[in-house]
Number of protein chains: 2
Amino acid sequence: MPYNVAQKLIQSHLVSGRMIPGEEIGLKIDQTLTQDATGTMVMLELEAMGLDRAKTEASCQYVDHNIIQEDSKNPDDHLFLLSATRRFGLYFSRPGNGVSHPVHMQRLAKPGKTLLGSDSHTCAIGCMGMLAMGAGGIDVAMAIAGEPFYVKMPKIWGIKLTGKLPDWVSAKDVILELLRRYDVKGGVGKIIEYYGPGLKHLSAMDRHVIANMGAELGATGTVFPSDGEIKRFLKSQGREDDWIELVADEGAEYDLHDEIDLSSLVPLIAKPSSPGNVVPVEEVAGEPIYQAYIGSSANPGYRDFAVAAEIVKGKKVASGVSFDINPSSRQMLTDLVKNGHIASLLSAGARLHQAGCNGCIGMGQAPATGRNSLRTTPRNFPGRSGTREDSVFLCSPETAAASALTGKITDPRTLDMDYPRINEPKEPTVDVELLDPPLPLEEARKVQLEKGPNIASIPEMDELPDELEVPILLKMGDNISTDEILAGGARVLPYRSNLPKISQFAFEIIDDTYYERAMKTKEQGGHAIVGGFNYGQGSSREHAALAPRYLGLRVVLVKDFARIHWQNLVNFGVLPLTFANESDYDLLNQGDTIKITNLKAQIQNGREVTIHHKESGKQLKMNHALSERQVDIMLKGGLINWVKARQKKS
Amino acid sequence: MPYNVAQKLIQSHLVSGRMIPGEEIGLKIDQTLTQDATGTMVMLELEAMGLDRAKTEASCQYVDHNIIQEDSKNPDDHLFLLSATRRFGLYFSRPGNGVSHPVHMQRLAKPGKTLLGSDSHTCAIGCMGMLAMGAGGIDVAMAIAGEPFYVKMPKIWGIKLTGKLPDWVSAKDVILELLRRYDVKGGVGKIIEYYGPGLKHLSAMDRHVIANMGAELGATGTVFPSDGEIKRFLKSQGREDDWIELVADEGAEYDLHDEIDLSSLVPLIAKPSSPGNVVPVEEVAGEPIYQAYIGSSANPGYRDFAVAAEIVKGKKVASGVSFDINPSSRQMLTDLVKNGHIASLLSAGARLHQAGCNGCIGMGQAPATGRNSLRTTPRNFPGRSGTREDSVFLCSPETAAASALTGKITDPRTLDMDYPRINEPKEPTVDVELLDPPLPLEEARKVQLEKGPNIASIPEMDELPDELEVPILLKMGDNISTDEILAGGARVLPYRSNLPKISQFAFEIIDDTYYERAMKTKEQGGHAIVGGFNYGQGSSREHAALAPRYLGLRVVLVKDFARIHWQNLVNFGVLPLTFANESDYDLLNQGDTIKITNLKAQIQNGREVTIHHKESGKQLKMNHALSERQVDIMLKGGLINWVKARQKKS
């Protein structure tokens with residue numbers, strides 16, 4: 001049977017399940033990627049599991065998110081991550097090496113392999129003929145420990161590319177076109193696979209741009225074939241031996257279809273405040289801007305910076321405009337320096353920042369209140385820039401650079417100049433030595449983890465008790481998001497490597513007495529919470545499950561769950577139950593007590609769990625959706641305990 | 001009578017007083033410099049004064065301190081400053097142009113002129129044959145409005161330089177040697193003037209390094225002659241016409257004397273946590289480091305970066321060391337890029353930051369807890385780096401770069417290489433266009449100030465009443481610092497352009513009920529406070545006088561005052577009184593009431609003010625030290641009112 005590229009990647013890594021859309025499959029993971037904002041917890045999880053040595057082919061810890069360092073918390077985290085990579089046998093990418101995705105592509109990505117990353121834009125590496133997916137931190141920790149990654153088999157969505165991009169239109173406009181057509185939910189449950197004759201005009205880094213923002217479509221992954229262009233790219237990085245060809249078989253089929261004629265595209269822009277809010281640039285041209293921002297994993301290529309440099313060369317940025325350049329990797333910045341592009345940008349008035357994620361995730365470069373900011377980044381959710389009342393547009397480097405010169409949103413085709421065609425350096429700088437390689441095993445075993453005062457190990461967690469009698473501490477309505485369960489932002493994020501501290505913010509937005517009330521239940525059998533539909537929607541942050549669990553949460557009773565949060569609850573040993581009769585939701589009140597007996601047998605023997613509601617005296621029927629594997633995880637009190645038990649056995 | 005350079009500068013700008021050390025003199029100010037952390041309040045003061053047009057020859061507003069932009073407050077401030085410079089006829093140096101001191105030197109400094117700046121390192125520009133002094137914000141606002149600057153005539157301290165610096169020893173080691181000899185109070189009440197045959201080996205930027213850290217000696221100013229080297233420097237900046245010769249007359253005398261034989265110096269380092277804690281580098285060699293930091297106004301020259309680049313060229317920074325490069329100006333960064341030095345630094349593993357003050361004032365790049373940080377910056381006070389438990393050393397770029405390679409404090413003379421001698425670019429980049437020039441008057445008058453939501457105008461303040469009956473809201477002990485009166489730090493600093501908001505932090509460290517209690521007195525005649533000796537020591541921040549005044553503070557009764565805070569109280573119309581009999585301090589209690597009648601006549605007619613203490617029924621004798629000019633300022637309710645009244649008259 002002829003396979004497409006995505007099917008080949010899945011088939012060659014399948015350890016359980018069948019390739020039938022919607023069925024759970026288990027995949028062997030070859031490589032992992034963690035960044036510092038999620039990686040500290042992953043390293044603490046590896047410590048809690050008692051891992052001796054990473055079992056993947058290559059796992060790299062990047063430091064790209066929290067690199068401003070306003071106080072000791074970030075640098076303490078960096079040193080902790082360095083010590084953890086040395087202990088567990090991981091690569092360490094130093095602060096300043098750049099954004100994880102382009103650096104991983106340059107140094108470690110290999111066609112035909114799988115990559116799991118604790119960053120939603122991990123899908124960018126699909127540009128290399130890999131199956132690359134974002135996931136929660138503990139899923140990545142499990143992959144580092146050699147466990148498969150479980151996911152529902154997605155549909156494969158073939159997008160045929162034809163034609164060639166016109167002048168002033170680039171890869172960013174391709175993915176903006178797809179967002180214009182399908183909006184931010186268009187890729188849910190799908191892997192997007194690009195193919196067709198249009199591919200030959202798209203460089204590996206152009207494909208990175210397109211694959212990266214598959215995340216904004218909600219896709220499970222994005223896949224490109226590994227063809228001659230990928231061979232050229234790997235050769236330029238001194239890694240020709242890592243190349244294999246990986247293309248769809250003749251006659252391969254896709255579950256879904258669409259086509260983009262590249263020659264028909266125009267410069268596009270996503271208006272505030274959603275990546276799916278896409279219109280042609282000319283529709284909003286003339287709006288005054290405060291900022292033009294080049295960089296991020298959504299436009300990380302040499303050409304993305306070089307084309308901006310050529311556009312502003314010999315000219316000056318408009319007064320009052322902040323023209324921010326955020327290099328995506330140190331080695332690429334070195335080439336931009338050597339080839340004169342950085343001098344062109346500086347002379348025009350650019351502000352050059354260190355290589356990293358920076359303003360893309362709101363770490364610096366916030367725009368002025370209510371003023372327009374044009375960015376080549378992947379997301380423009382409200383407030384993500386750091387400014388509460390922001391107005392962020394997403395566009396190509398061409399559009400951003402043109403607008404920096406005029407001080408207003410400008411269709412680059414209206415500039416009075418020829419389109420600068422960029423030649424990538426034939427022999428780009430290759431910065432092998434600044435990626436610290438894994439230590440040899442014997443040396444690694446001598447390494448002590450270096451924990452600054454803000455870094456706390458994950459406390460041990462107990463097994464699931466066979467009988468629970470617990471109070472309901474919160475009763476909530478529908479659509480509670482993980483942002484409400486555990487907020488992000490500059491006030492909370494610095495504590496991401498300190499579970500006891502970050503737990504103080506749990507449910508704070510909903511009820512700021514929760515923390516104190518929960519703490520009282522922690523040593524006394526724990527507590528339950530009640531919610532409505534779509535409980536736990538939004539961000540995948542695992543702290544939203546881990547922190548309440550730390551405070552004694554044992555069982556969640558809701559009408560239904562959002563998928564990722566449900567998985568996170570299971571992973572941390574919190575029992576997720578849904579009402580068999582939704583009207584039972586009305587029976588339960590905050591402060592009531594529920595009792596569950598014979599719990600272990602109940603979840604092992606079927607899908608039903610009966611709970612006793614003290615106040616009404618009624619027996620309520622609840623359902624669980626745990627697989628056999630997950631039942632075992634739940635009995636052990638979560639994934640960390642489960643892994644430890646297996647290690648003890650083997 | 002033969003004059004030295006400092007005397008010539010003073011004499012040519014003297015508008016009142018005599019050049020007798022200790023006597024108050026008034027000086028005409030030709031140029032001013034403001035930076036964004038102090039400048040927003042200066043601009044609000046100009047607005048409150050009703051200024052139409054700057055009366056100086058050149059005034060420039062720099063944006064170099066708050067350029068991280070974690071939220072909208074900083075960029076809103078930048079846009080406000082841009083609008084204010086356009087309104088009042090100032091130069092505007094865009095964010096990213098670099099640190100005020102080197103940029104001012106490159107673009108605006110002129111031998112023979114005076115410069116007043118709302119930044120303590122303004123003294124750096126003394127390297128150009130100028131009299132350059134730091135001062136409080138409103139003093140600079142007054143200078144912009146054409147008023148003289150009043151200061152006590154300092155002693156002139158001649159330091160004769162002989163010989164030539166050995167390899168691996170540079171300008172930073174010269175000023176560290178002076179700090180080693182005299183510590184951080186050694187320059188108080190003095191202008192340091194360098195002369196002698198050693199000068200001919202020190203470039204203009206080397207002299208900048210030495211003049212800059214005169215601030216760390218507590219000096220009123222540092223002066224170098226304007227000689228052929230200054231002519232060369234100005235020519236290289238395309239400003240040869242701005243050069244005049246300014247050297248000491250034959251036979252000129254100094255009040256104080258010392259001599260440094262440059263050839264005898266060795267690499268020096270200031271240990272934590274004072275710039276005066278200086279030892280030879282070899283004494284602390286071998287200590288492991290977390291960070292090596294190049295940049296700041298204390299080592300802003302092309303050579304300071306280039307020599308570091310040559311030292312690390314072709315090598316790699318030790319694993320775990322953060323090697324931070326902070327360019328001091330955009331135009332100099334452009335040359336470092338063009339000449340290959342930035343590529344050398346990046347390839348070695350440097351983190352390249354935008355041009356500005358950055359980590360020098362704790363805005364980013366904080367070191368890890370308790371780990372050693374080697375910096376070329378001017379100050380290492382505890383916690384200034386952003387890390388509470390920091391360990392910061394001050395040294396030359398040579399020492400910092402050598403230590404980055406080895407991962408421990410390293411005397412650069414022990415490196416196995418020849419000393420790289422740096423040639424400055426013959427035709428350096430000159431970035432005229434990015435310094436927005438003053439608008440023509442008619443255009444300027446049409447400009448509206450652009451105030452973001454966090455920027456509040458300074459409210460109008462009333463005149464001194466002739467009778468006061470007010471409660472004592474605080475009774476404090478000795479040595480109360482301005483940090484206790486109004487804290488700095490990341491929590492408070494963002495509100496520096498919002499007086500009502502920042503006032504909420506007044507005296508918070510001493511008594512957090514002060515704000516609420518003071519607010520109640522605001523509309524009911526105000527209040528008094530009582531203190532001991534050395535009241536208002538430390539930082540010169542004017543908010544420490546302005547905020548309590550805004551909350552109703554009318555009179556301060558203490559044993560004695562620290563000089564600058566006393567001046568700030570006068571400037572903002574708060575009456576500073578000292579006890580004639582110090583034992584009267586014991587009579588007064590928090591909550592008591594004092595009454596002063598016939599107040600205007602009392603301060604006009606002598607040095608004595610009698611107050612009635614209600615609780616004891618006693619009449620207490622107090623003294624004031626106001627000059628005639630200051631009495632007038634006090635009667636009007638402060639400098640802003642005083643200027644407005646004069647403008648109305650003229």
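**Exercise 1. Find how many salt bridges the rule gives across the interface of domain 1 of chain A and domain 2 of chain A, and describe that interface.**

Solution.

Step 1. Across the interface of these two domains of chain A, the rule finds one salt bridge. The model is a predicted one.

Step 2. Identify the partners. The side chains of A:Arg379 and A:Glu216 meet in a salt bridge, with 2.7 Å from N to O. The cut-off is 4 Å between a side-chain nitrogen of Lys or Arg and a carboxyl oxygen of Asp or Glu.

Step 3. Place the partners in the domains. Chain A is divided into domain 1 (5-264), domain 2 (269-414) and domain 3 (468-649). By these bounds A:Glu216 falls in domain 1 and A:Arg379 in domain 2.

Step 4. Describe the contact. It takes 37 residues from domain 1 of chain A and 38 residues from domain 2 of chain A. The area buried between the two domains is about 3,000 Å², and carbon and sulfur atoms give 59% of it. The C-alpha centres of the two domains lie 24 Å apart.

Step 5. Add the polar contacts. Between domain 1 and domain 2 of chain A the count is 14 residue pairs in polar contact, both residues being at pLDDT 80 or more. On the domain 1 side, α4 (100-107), α6 (171-182) and α7 (204-212) of chain A each supply at least two residues. By class, this side has 14 nonpolar, 13 polar and 10 charged residues.

**Exercise 2. Describe the interface between chain A and chain B: which residues of chain A and chain B are in contact, in number, and what area is buried?**

Solution.

Step 1. Count the residues. In chain A 52 residues are in contact with 51 residues of chain B.

Step 2. State the area. About 4,300 Å² is buried between chain A and chain B, with 51% given by carbon and sulfur atoms.

Step 3. Count the salt bridges. There are four between chain A and chain B. One of them joins the side chains of B:Lys316 and A:Asp431, at 3.5 Å from N to O.

Step 4. Count the polar contacts. The chains have 33 residue pairs in polar contact between them, both residues at pLDDT 80 or more. On the side of chain A that touches chain B, α3 (73-88), α11 (330-338), α12 (341-348) and β17 (351-352) each supply at least two residues. The residues of that side divide into 22 nonpolar, 17 polar and 13 charged.

**Exercise 3. Why can chain A be called as compact as a globular protein of its length?**

Solution.

Step 1. List the elements. Chain A has 22 helices and 27 strands.

Step 2. Compare the two radii. The radius of gyration of chain A is 25 Å, close to the 26 Å that the globule rule gives for 650 residues, so chain A is as compact as a globular protein of that length.

Step 3. Give the extent. The C-alpha trace of chain A spans about 80 × 50 × 50 Å along its principal axes.

**Exercise 4. Find where in chain A and chain B the residues A:Ser273, B:Ser273 and B:Phe507 lie, and state the backbone geometry there.**

Solution.

Step 1. Take chain A. A cis peptide bond joins A:Pro272 and A:Ser273, with omega about 0°. A:Ser273 is in the loop between β13 (268-270) and β14 (278-280) of chain A.

Step 2. Take chain B. B:Pro272 and B:Ser273 are joined by a cis peptide bond, with omega about 0°. B:Ser273 lies in the loop between β13 (268-270) and β14 (278-280) of chain B.

Step 3. Take B:Phe507. Although not a glycine, B:Phe507 has a positive phi of about 55°. B:Phe507 is found in the loop between α15 (499-502) and α16 (514-522) of chain B.

Notes. Residues are numbered from 1 along each chain as its sequence is written. Chains are lettered from A and ligands numbered from 1 in the order in which they are written. This is a predicted model: local features need pLDDT of at least 70, side-chain atom pairs count only at pLDDT 80 or more; totals for chains, interfaces and linings use all residues. Side-chain values use heavy atoms; hydrogens and water are left out. Contact means heavy atoms within 4.5 Å. Buried area is the accessible area (1.4 Å probe) that two parts lose on being put together, summed over both. A polar contact is a pair of N or O atoms within 3.5 Å; within protein, one must be able to donate a hydrogen and the other to accept it, and residues adjacent in sequence count only if both atoms are side-chain atoms. Helices (H or I, at least four residues) and strands (E, at least two) are DSSP runs, numbered from the N terminus. Ala, Val, Leu, Ile, Met, Phe, Trp, Tyr, Cys and Pro count as nonpolar, Asp, Glu, Lys and Arg as charged, and the others, Gly among them, as polar. Domain bounds come from an automatic or database domain assignment. The radius of gyration is taken over C-alpha atoms; the globule rule is 2.2 Å times the number of residues to the power 0.38.
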